[in-house]
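Trainee: Could you take me through one part of this protein up close? I'd like to hear about the nonpolar patch on its surface.

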Amino acid sequence: MISAWKACCGRLPQRWIFAIMGFLAILNAYTMRVCLSITITEMVIPINHTYTDDTCPTNESTNSNSDSNNQYDNRYHWDERTQGLILSSFFWGYVLTHLPGGMLAERFGGKYSLGLGILSTAIFTLLTPVVVTWGESTGLIVLRILMGFGEGTTFPALNAMLAQWTPPEERSIIGSLVFAGAQLGTVFANAVSGVIIHNYGWPAVFYVFGGIGVLWFLVWVLLCYNNPYEHPFISEREVKYLHERMNEHTHSKPPPVPWRHMLSSLPVWALITAQIGHDWGFFTLVTDLPKYMSSVLKYSIKSNGFVSALPYLVMWFSSIGSSWLADWMITKGIMSRTNVRKLGTTIASVGPGVFIIAASYASCDKTLVVAMFTIGMALMGTFYPGMKVNGLDLSPNYSGTLMALVNGIGAFTGIITPYIVGELAHEQTLTQWRTVFWIVLGVFIGTNIIFVIFASGEVQYWNDPDFVIRDREERRLKLEGTKAEKNKEDKKSVEKY
């Protein structure tokens, strides 16, 4: 069997097979996570606005409520605060499994910590319509927390595997390809959900995306492995190439995590800060943009799916193009790795913040609003060759734990932002949403300034396993010396007494 696979697929670069499957992992994770953001617009009884200068007029022919022959069948009385609670509940579980997932991936490999996490999320997605029917908002909140538990291992496990599979000169493009699954997952979830809901009703959305998640898991188990040395049908040429390019800074079994040095590293905290800024803006839009399109601009559910998907599709193209450009600039020596990371992050912070503010002042001009959101998200694509792959720069050996730390802290914004939208935009007016977007811009700019000052694109000293071993030994000897000195002083005190 293995020889047949090797004869068939051995000539294919397995690092790119892994990259494609990793991309599909995040794509699936995001479809299952994000589909609720558009589905919830058809799960609840909508707010009936009285038209004012602070709201957009309703066109009955395109209103989302007219898409269904039975307007309020299968709908629930959930106010904006309850919806914010539901949308944020996923992240309650998500933040808890980041660190365990990263440490397990570094110790045992990321294949099953990632695969089983996606599988569990897929199963809970399939159960969503049943749980909602039985337990309404409470049941859905509990289920979303469990989905977050499963999906929390995704980014740490993938980062640990990327460290084993990506040589430095391909890190921006492969890393960005994998992480860009978030954008295409959002595109796919929004666009397809709108069509499915329009034709079959909202429960079908969860059956489709949950089923695709299960199918991905089966293919993943067959094709992907923790590192090149465990892979049964990788070519010897590719193993040799990866070993030569990565053996200096990447080890398959590094020592325990040097927490003291990692947590006192300014580049690490700069990266955490940039992740908070990115997630604040990204999660605000991913979670609540469909609601803005539905409740404020009055798009129908079918149109809502497509217009909510468009900005993320453009963002995906931007992330791939800018990643290629970033690797080219680094390889040609045009700009240092550190400055490339800072430049990408700055463009992706200031640009989206400015354009979402512009969208909020475009009021009810649908074409202009969608154009502003799309340009803003296109500029956000440079986050991926900017700060998103920066953890691999700082520490290839501990990239799983570092991603868990960075992404886990950043994910707390997924708890906060839907709640803020529910509180500040509870009537879904233009002025209320404008306040939400100004907060996003402020967070973007503040976090980017910190990243630009303190970030680095170089491997940190504590990534070296020999340093970690020496440091632990020195600390042990120092501790033993301190204990011996204390015992000696205690003995003198007793003798004197």
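Mentor: Here is the patch, with some background on the whole protein before and a buried helix after. This is a predicted model, where local features need pLDDT of at least 70, side-chain atom pairs count only at pLDDT 80 or more, and totals for chains, interfaces and linings use all residues. Residues are numbered from 1 along each chain as its sequence is written, and side-chain values use heavy atoms, with hydrogens and water left out.

The protein has 20 helices and 0 strands (DSSP runs, H or I of at least four residues for helices and E of at least two for strands, numbered from the N terminus). It exposes about 20400 Å², with carbon and sulfur atoms supplying 64% of that (Shrake-Rupley, 1.4 Å probe; for residues, only the protein chains shown count as cover).

Now the patch: Leu-266, Val-350, Val-354, Ile-445, Ile-449, Ile-450, Ile-453 and Phe-454 make up about 670 Å² of nonpolar surface. Two or more residues each come from α14 (337-361) and α19 (430-454), and α19 gives the largest share, 5 residues. To qualify, residues need over 30% relative accessible area and no salt bridge, and nonpolar side chains (Val, Leu, Ile, Met, Phe, Trp, Tyr) are joined within 5 Å, like charges within 9 Å. A salt bridge puts a side-chain nitrogen of Lys or Arg within 4 Å of a carboxyl oxygen of Asp or Glu.

Zoom in on Ile-450, in helix α19: at 35% relative accessibility, it counts as partly exposed (buried is under 20%, exposed over 50%, partly exposed in between; 1.4 Å probe, protein chains only).

For contrast, look at helix α7 (residues 171-179): 9 of its 9 residues are buried, so the rest of the structure largely encloses it.
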